[in-house]
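Here are a few short exercises to try with the viewer open. Have a go at each one before reading the solution.

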Amino acid sequence: MLFVGIDVAKSKHDCCIIDSDGVLYTDSLRINNDKEGFDKLYNTILSILDSSEINKVKIGLESTGHYSNNITNY
C-alpha cells in the first residue's frame, strides 16, 4: 500500500509519499494547486507503482475549505 499525505494551501500543496513498510519516497514534494501540479503528483505516484496497482494508493488531505476542492475533484 502507498500512502500520500497532502498539506493543502491556497496556491500550493506539500506532499509526502510513504509505503506500508515505512519506505519514504518523498517528504517534500511541492505541487501547484492546478492541473499541472496534480499531474505532477499523479506521475510521481505512477513512477513508484505499476499503473495496474493504482488501487493500492490511499490519499489523505486536510479539509481546508475550498482550497482542497480542486485536488479532490481531480
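**Exercise 1.** Does Lys-56 count as buried, partly exposed or exposed, and what is its relative accessibility?

*Solution.* Keep in mind that this is a predicted model. Start with the cut-offs: buried means under 20% relative accessible area, and exposed means over 50%. Lys-56 comes out at 40%, so it counts as partly exposed. Now look for its partner: Lys-56 makes a salt bridge with Glu-53, with 3.8 Å between the closest N and O atoms. The limit for a salt bridge is within 4 Å, so this pair gets in. Glu-53 is partly exposed too, because its relative accessible area is 28%.

**Exercise 2.** Work out which residues are linked with Asp-14 in a network of salt bridges.

*Solution.* Take the contacts one by one. Asp-14 meets the side chain of Lys-12 in a salt bridge, at 3.0 Å from N to O. Asp-14 also pairs with Arg-30, and here the closest N and O atoms are 2.7 Å apart. This second pair ties together distant parts of the chain: Asp-14 sits in strand 2 and Arg-30 in strand 3 (residues 24–32), 16 residues apart. Put the contacts together and you have the network of Lys-12, Asp-14 and Arg-30. How covered are these side chains? Asp-14 has a relative accessible area of 22%, so it is partly exposed. Lys-12, at 25%, counts as partly exposed as well. For the whole model, the count comes to four salt bridges.

**Exercise 3.** Which residues make the nonpolar surface patch of about 320 Å²?

*Solution.* Pick out Met-1, Phe-3, Ile-18 and Leu-24; together they make the patch. Next, zoom in on Ile-18, which lies in strand 2 (residues 12–19). Why can Ile-18 be part of a patch? Patch residues need over 30% relative accessible area, and Ile-18 has 31%, which makes it partly exposed.

**Exercise 4.** Find Ser-63: where is it in the chain, and is it buried or exposed?

*Solution.* First, place it: Ser-63 is in the loop that runs between strand 4 (57–61) and helix 2 (69–73). Then check its cover. Its relative accessibility is 73%, so Ser-63 counts as exposed. Last, look across to Asp-7. Ser-63 and Asp-7 are 56 residues apart along the chain, yet their C-alpha atoms are separated by 9.4 Å.

Technical notes: Residues numbered from 1 in each chain as written. Predicted model: local features only at pLDDT ≥ 70, side-chain atom pairs only at ≥ 80, totals over all residues. Heavy atoms only, no water. Patch = residues over 30% accessible without salt bridge, like charges linked within 9 Å, V, L, I, M, F, W, Y side chains within 5 Å. Areas by Shrake-Rupley, 256 points an atom, 1.4 Å probe, with all protein chains shown as cover. Helix = DSSP H or I, 4+ residues; strand = E, 2+ residues; numbered from the N terminus. Buried < 20%, exposed > 50% of the residue type's maximum accessible area, 1.4 Å probe, protein only.
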